[in-house]
Amino acid sequence: MFNHLLSLLIWLPIAGAVPVLLAGSARPNLARWLALLFMVLTFVASLFLLPQYDAAQGGMQLVESHLWIASLNVHYGLAVDGISVALILLTTVVGILVVVGAWEVIQNKPHQYMAAMLALEGVMIGVFCATDALLFYVFFEAMLIPMFILIGVWGGPRRVYATLKFFIYTFLGSVFMLIALLYLYHRAGTFDLHTLAALPLTFTEQMWIFFAFLLAFAIKVPMVPVHTWLPDAHVEAPTGGSVVLAAVMLKVGTYGMLRFILPIVPDAGEHYAWLVIGLSLVAVVYIGYVALVQEDMKKLVAYSSVAHMGFVTLGIFIAFMLARGLGDMDTARLGMQGAMVQMISHGFVSGAMFTCIGVMYDRLHTRLIKDYGGVINVMPWFGFFYVLFAMANCGLPGTSGFVGEFMVVLASFKANPWIAFFAAFTLIIGAAYTLWLVKRVLWGEIHNPHVAEMKDINGRETFVLLAFAALTVALGIWPEPLIHLMDSSVTQVVQQLVVHKI
Amino acid sequence: MPNLNDILVLLPEFYLVAVACLLLLLDAFMKPEQRHWLHWISIVVLLVAAYMVVAGQPEVTVTAFGGMFVRDQVSEILKVFALLCTVLVLIYARPYLRERKQFIGEFYTLMIFAVIGVMLLVSAGNLVMVYLGLELLTLSSYALVALNRDSSLSSEAAIKYFVLGALSSGMLLYGMSMVYGATGSLDLAQLHTVATQSAMPNLLVFGLIFMLVGIAFKLGAAPFHMWIPDVYQGASTPVTTFIASTSKLAAFGMAWRLLETGLGGLSQHWQPMLAAVAVLSMAIGNLVAIVQSNLKRMLAYSTISHMGYLLMGLVNAGPEGYSSAMFYAISYALMSTVSFGVILALARAGFECEEISDLKGLNQRSPWFAALMALALFSLAGVPPLFGFYAKYLVLQAAIDAHMLWLAIVGAVFAIIGLYYYLHVVKVMYFDKPEEGGADQPQADASLRVVLSINALALLVLGVYWGPLLGWCRHSFGLG
């Protein structure tokens with residue numbers, strides 16, 4: 001059987017960026033169709049992961065390993081487990097939707113926009129496949145360049161500030177991760193994640209490496225207090241940039257935690273689990289309140305992203321408490337599973353929310369909540385989708401937002417009822433800021449004459465929103481396939497937690 | 001008595017000397033409109049020399065003239081890249097020189113003499129030879145900087161370069177004399193064994209300090225970096241490109257010859273000194289570069305910081321470290337040829353394209369050259385997957401392997417600070433609106449466009465395929 005599927009998934013979109021770029025600004029439509037073609041091809045290729053990957057068996061599959069730098073024993077190593085497969089599928093789906101979403105919206109140099117998206121997609125898939133730490137780092141950092149250009153060229157008025165902040169902030173974190181990786185290489189003589197997981201480390205070493213990793217990934221997630229780049233980046237990014245950022249890029253942070261912190265420094269992870277859990281709760285509660293007072297729709301959704309990602313980090317680190325502190329492996333798995341489902345669900349919901357805001361922005365060129373009101377009167381179909389995603393965003397049962405959060409809250413109750421109490425706060429605050437947003441934007445009288453001229457969504461926009469809606473609802477009422485896909489991988493991740501490496 | 005074998009070992013160098021003299025003569029009999037022949041002849045001559053170096057590469061280390069001249073793998077690799085970089089400089093320089101009526105024969109002969117200096121320097125087996133090679137290189141460079149006779153800026157730069165250069169050469173010579181006094185030997189290989197048993201260890205260390213000053217000056221490492229910004233800015237851009245690429249390879253070669261081949265036994269003395277110089281260079285280079293508005297000056301400060309990273313590899317004082325430093329020197333030379341090459345391509349009559357603001361909105365006017373410049377800048381900043389990242393990664397690894405984790409952390413922190421000013425230029429090119437009188441679609445020669453594109457894309461390709469180059473570097477230092 002063809003055993004370079006992962007390489008194909010990474011390099012197909014990156015290679016696709018070249019003809020799209022060559023199409024040039026003279027032939028924008030050619031560039032758009034080519035970009036769509038490559039996105040669809042990548043998506044189709046990613047579907048082959050499902051039959052190829054044996055979910056029941058779990059573990060790292062579809063392994064590709066070639067010696068990259070012989071003298072340093074660096075490998076071009078790729079493999080996926082259930083969690084990676086789910087994230088890759090998320091990436092390829094979102095890739096199609098952002099290309100369609102940007103179709104007529106991006107008029108300035110569309111070929112460069114599309115090429116940047118394609119390159120970004122390939123690199124993100126690379127992050128989810130890499131099993132060699134140096135390769136992971138290269139992909140992890142390479143994401144920055146296309147995103148930097150995307151925000152900087154097609155962004156809003158303060159785009160330069162936002163994109164520089166985004167780049168430097170992320171680079172800051174990852175540079176320390178590089179030092180940690182180099183130290184691990186110095187000790188182990190390899191970057192292979194599997195070998196690094198087996199490397200015994202003293203507690204002091206683990207502590208420093210833990211904080212280096214945590215800084216890198218916490219910035220990416222982002223966690224409080226290093227989240228401040230996200231609202232700026234989101235607000236200024238073009239719609240497609242925001243969607244990719246929220247739907248996929250943030251997941252790279254939590255994915256990195258799974259692949260690096262959990263297996264390599266489990267003892268330090270246990271010791272400092274309280275810190276991450278505390279920061280996650282701050283994100284859930286405090287950032288929820290911050291979201292409440294936002295006047296800019298995109299900022300509101302950006303803060304709500306921080307709050308929702310707090311659930312993911314909470315689920316991951318509550319597993320430490322449960323598995324190592326209490327020895328309760330089943331509940332630890334529940335929490336971890338919840339975190340994974342939340343990752344995928346947040347990908348769809350936040351992507352959909354940003355798409356909705358983009359749809360409104362394209363018509364009125366403002367993101368301020370006060371400029372809207374009564375949109376439902378002129379855009380009923382849009383209103384339907386918007387309410388649906390808003391409900392998913394506040395975790396209504398029957399939507400995907402509910403499943404992950406519920407599992408995480410349930411698991412944290414076992415660890416400590418107070419943690420569950422604060423985590424469950426999100427049900428109130430999340431509902432508050434989301435529903436209030438809907439109330440102010442959709443319902444009520446039309447007081448802005450420009451709103452009265454807004455046209456309902458066209459076929460292209462309907463397609464994008466319909467796709468997001470279908471995925472959100474499907475995941476909400478029937479999460480079983482997703483859970484099954486990740487089940488044995490989650491078990492293996494949790495088993496890594498209880499290893500003592502000192 | 002020199003025999004035929006000695007001459008054969010030095011064949012590429014002798015060949016270049018002979019051709020340089022011939023070119024000087026040829027130039028005198030050439031009509032100005034025929035001068036473009038000189039350009040192509042020089043390029044062919046340098047490529048032939050590079051071929052001779054590769055073809056004549058010895059399996060084992062060969063010495064000639066009683067150990068004065070050493071031909072080993074390190075010197076061969078440095079020579080090949082020095083010759084290639086010089087070819088790049090010549091190709092990038094032609095339209096620039098022609099438009100400024102500086103398209104004269106001296107430029108080519110001086111360049112070739114400077115390269116001969118580089119080749120002798122990196123092959124030096126004796127302190128006297130080090131000095132000879134260095135002087136041939138720097139004297140040619142002084143003249144090259146001053147070549148633009150009508151510009152007061154370039155005359156100022158040349159005077160500054162000359163005075164400081166002479167001072168540092170004096171320091172180097174002074175240090176060498178003391179080392180000679182302490183050991184009674186000028187031969188580097190002998191020094192290596194004698195240095196540890198010297199009867200006058202203090203005098204030896206004293207000499208070492210002066211030699212380090214000379215090395216730091218030639219590299220352009222802080223606190224001996226003062227000449228770099230003025231020379232980079234004042235010299236005409238082709239000469240700056242040469243100083244930023246070929247000369248850096250030579251400076252690395254010299255540092256390695258003196259410190260490891262000669263005074264390797266004193267590494268516990270020079271390691272901390274080099275570490276301090278490295279930290280200072282990274283700090284001063286990266287911090288001061290932020291406030292520059294002149295592109296060439298900014299790149300000058302960026303050079304200073306890069307030399308700090310290069311020194312980080314040397315601090316390791318082991319073959320791993322030396323190979324990483326050599327990798328760094330080569331990668332830096334290739335990156336700076338691109339960055340200055342784009343400046344040269346965009347310059348036109350009466351427009352130097354020296355200010356960062358000149359690049360405003362370049363992506364709208366010439367997306368291809370904006371992309372090439374962006375590649376060079378991201379690579380200089382050390383962002384993966386570009387070539388420059390791997391060079392940084394290797395020197396950081398070398399510092400950690402030498403149990404200097406703190407140095408690696410300092411290097412990482414300054415890499416973040418350095419990122420800002422590179423991103424700033426990318427920002428100017430991509431996010432700003434173009435201005436009247438700014439850089440436009442270049443009208444440069446086809447040869448420049450093609451070669452510069454290959455040069456820049458190599459940064460991307462080498463970012464994936466850097467194994468072979470690293471393999472050569474490691475192999476030349478005896479590593480697997």
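The axes of helix H8 of chain A, residues 159-188, and helix H18 of chain B come within 10 Å and cross at roughly 55°. Axes here are lines fitted to C-alpha atoms, over the stretch in contact for helices, with angles running from 0 to 180 degrees between N-to-C directions. Helices and strands are DSSP runs numbered from the N terminus (H or I, at least four residues; E, at least two).

Before continuing, I should state that this is a predicted model, in which local features need pLDDT of at least 70 and side-chain atom pairs count only at pLDDT 80 or more, while totals for chains, interfaces and linings use all residues. Residues are numbered from 1 along each chain as its sequence is written, and chains are lettered from A and ligands numbered from 1 in the order in which they are written.

How are H8(A) and H18(B) oriented to each other? They are oblique, a class that remains once angles under 35 degrees count as roughly parallel, over 145 as roughly antiparallel and 65 to 115 as roughly perpendicular. Their crossing is right-handed, that is, the near helix is turned clockwise from the far one by less than a right angle. From H8(A), the contact is made by A:Ile179, A:Leu182, A:Tyr183, A:Tyr185 and A:His186; from H18(B), by B:Leu396, B:Gln397, B:Ile400 and B:Asp401. Contact requires C-beta atoms, placed from the backbone, within 7 Å. These residues divide into 6 nonpolar, 2 polar and 1 charged. Nonpolar covers Ala, Val, Leu, Ile, Met, Phe, Trp, Tyr, Cys and Pro; charged covers Asp, Glu, Lys and Arg; the others, Gly among them, are polar.

I turn to H18(B) itself. This helix spans residues 387-401, 15 in number, and reaches 22 Å from first C-alpha to last, close to the 21 Å expected at 1.5 Å a residue; the expected span is 1.5 Å times one less than the number of residues. Of its 15 residues, 14 are buried (20 or more other C-beta atoms within 10 Å; exposed is 12 or fewer, partly exposed in between). After H18(B) comes B:His403, with a positive phi near 60°.

Now the wider interface. In chain A, 28 residues are in contact with 26 residues of chain B. Strand S1 (61-69), helix H6 (133-142), helix H7 (144-154) and H8 of chain A each supply at least two residues of that side, and H8(A) gives the most, with 15 residues. By class, the chain A side has 23 nonpolar, 3 polar and 2 charged residues.

Methods:
Two residues are in contact if their C-beta atoms, placed from the backbone, lie within 7 Å.
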